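Please open the model in a viewer and keep the sequence panel at hand. The tour below proceeds by selection, with a short account of what is found at each stop.

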Amino acid sequence: QVQVVESGGGLVQPGGSLRLSCAVSGNSLSILKMGWYRQAPGKQRELVATITGDGNTNYADSSVKGRFTISRDNEKTTANLQMNSLKPEDTAVYYCNALVRAAGLSRNYWGQGTQVTVSS
């Protein structure tokens, strides 16, 4: 069974920083890609950033590029999202997604989400 668990959310003032972590666990699996998505109240879930097993990164758009950095640990089972210069519009529930291959099948798994609130 694959588990995806996020941590690191919270309340921060505008201009502050937060670091989110996502840990993937399970037996005999290969993590092909990991990504962070967010969903603000009343809006659709949107992509923030992804990182492949080779370390290639992709950021959704200019609103986060330069402020957010996605990375993976050496064992490639944890993905981190370093968020700097946070703005009130970054407030959302942040979800981790993992594209996992196990027993010859590839499937997307989601975490439960972690709340990020940027407010003074």
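In which sense do β3 and strand β8 pair, and over how many bridges? Before selecting them, please note that this is a predicted model.

**First stop: β3 and β8**

Select residues 18-25, which make up strand β3, together with residues 78-83, which make up strand β8. The two strands pair in the antiparallel sense, and 6 bridges connect them. One residue of interest on this path is C22, whose bridge partner in β8 is A79.

**Second stop: the sheet around them**

Extend the selection to β1 (3-7) and β7 (68-72). The 4 strands now shown form an open sheet, ordered β1-β3-β8-β7, with antiparallel pairing. β1 and β7 are the edge strands, each pairing on one side only. From one strand to the next, the twist averages 15°. Strands of a sheet are held in such pairs through backbone hydrogen bonds.

**Third stop: the disulfide**

Return to C22 and display its side chain together with that of C96. These two residues form a disulfide, with 2.0 Å between their sulfur atoms; the model has 1 disulfide in total. C22 belongs to strand β3 and C96 to strand β9 (residues 92-102), so the bond ties together parts that lie 74 residues apart in sequence.

Is the disulfide left-handed or right-handed? The torsion about the S-S bond is about -80°, and the disulfide is therefore left-handed.

Are the two cysteines buried or exposed? Residues count as buried under 20% relative accessible area. C22 has a relative accessibility of 1% and therefore counts as buried. C96, with a relative accessible area of 0%, is also buried.

**Fourth stop: the β9-β10 hairpin**

From C96, follow β9 and add strand β10 (residues 105-110) to the selection. β9 and β10 run antiparallel and are joined by 6 bridges. Within this pairing, L99 has N108 of β10 as its bridge partner. The two strands form a hairpin with 2 residues between them. In the turn, select A103, which has a positive phi of about 50°.

**Last stop: the largest pocket**

Finally, select R38, A40, K43, Q44, E46, S63, R67, K87, E89, D90, T91 and A92, which line the largest pocket. The volume of this pocket is about 160 Å³. What is the character of its lining? The lining residues divide into 7 charged, 3 polar and 2 nonpolar.

Conventions: Residues numbered from 1 in each chain as written. Predicted model: local features only at pLDDT ≥ 70, side-chain atom pairs only at ≥ 80, totals over all residues. Heavy atoms only, no water. Disulfide = S-S within 2.5 Å. Buried < 20%, exposed > 50% of the residue type's maximum accessible area, 1.4 Å probe, protein only. Pairing = 2+ DSSP bridges. Axes fitted to C-alpha atoms, helices over the stretch in contact; angles between N-to-C directions. 1 Å grid on protein atoms, 1.4 Å probe; cavity = no way out; pocket = protein on both sides within 12 Å on 5 of 7 lines; lining within 4 Å. Points joined across faces, edges and corners; volume = space filled by probe spheres on them. Nonpolar A, V, L, I, M, F, W, Y, C, P; charged D, E, K, R; others polar.
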